[in-house]
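Here is a short tour for someone meeting this structure for the first time. Have a look at it before reading on.

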Amino acid sequence: MQTNTPVKVAAVQMVSTPNVEENFAAARRLIAAAAGQGAQLVLLPEYWPVMGMQDTDKLSLAEAPDGGPIQHFMSEIAREHKIWMIGGTLPLVAPEAGKVMNATLVYGPDGAMVSRYDKIHLFSFTKGEESYDESQTIVHGKDVTVFCAPFGDIGLSVCYDLRFPELYRAMGPVSLIVVPAAFTYTTGRAHWEILLRARAIENQCYVLAAAQGGKHVNGRRTWGHSMLIDPWGEVKAVLSEGEGVVVGELDAAELARVRENLPALRHRKL
């Protein structure tokens, strides 16, 4: 981290609907609440602008890079509250017909876009009547992405990426990893917290996770449990289900202390 003053960050938890305007209103309210508590960085969950009745619903909402109402919303709200805005994910136009990129866009306090990450790992899961396959509507990204903020280097990842530790190793020694997500209730209950804590422990950094959390109009149920985890792997703040915000601090001194007391990153051999 590049500042010795603790920095407040927030994860927004939503229960997004098929109606984009409804989701805009919810996000606006929750982001304002986070900023009102002093958050300098706010993270939205995966699929925050829309959780459609069908996976294909997002195709009609796909925006070209640098243009569209979802991107305009994120830019404006970052500028309004003078925050770093990490916009969960939104659908961007993909090079393959009938599919989108599931992209995370980052905006600075001046409203300018500073980074983009396209979700690399695409989720599929089948158990009984529950079945998902993101590759049917999404093209996977390729590039590991880290951006630099005044309070440190921040690694971008999304949901299913959480199961692939090699992605996080490739980021290098970041201060913060963010994980916008829409974990299912089934997989979230089993693996969400333990994987988030593992990523924090093995990379000796903070992890901020913003989730979808509740029963959606389309019948899907997401796990929620948005949280902030410190470099020792302790959960500093968590919200189980429903709309809300999780706010906590990034402490550069604590991060340095953990890495000095247990210099695991320097002990790596492979």
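Where is G233 found? G233 sits in the loop that runs between β14 (226–229) and β15 (235–239). The model is a predicted one, where local features need pLDDT of at least 70, side-chain atom pairs count only at pLDDT 80 or more, and totals for chains, interfaces and linings use all residues. Residues are numbered from 1 along each chain as its sequence is written, and side-chain values use heavy atoms, with hydrogens and water left out. Strands (E, at least two residues) and helices (H or I, at least four) are DSSP runs numbered from the N terminus.

Two residues can be put side by side. Buried means under 20% relative accessible area and exposed over 50%, with a 1.4 Å probe and protein chains only; contact means heavy atoms within 4.5 Å.

| Residue | Place | Relative accessible area |
|---|---|---|
| S115 | strand β6 (113–118) | 9%, buried |
| G233 | loop between β14 and β15 | 1%, buried |

Setting aside residues up to four places away in sequence, G233 touches R197 and I201. Its C-alpha atom is 8.4 Å from that of L196, 37 residues apart along the chain. With the same kind of neighbours left out, S115 is in contact with T104, L105, V106, T145, F147 and L156.

Now for helix α5 (residues 252–261), where A252, L255, V258 and R259 are buried. They share one side of α5, because they cover an arc of only 130° around the axis, taken from the directions from the helix axis to the C-beta atoms. E260 and N261, on the other side of α5, are exposed. The cover over the buried residues includes α4 (185–203), β13 (206–211) and β16 (244–250).
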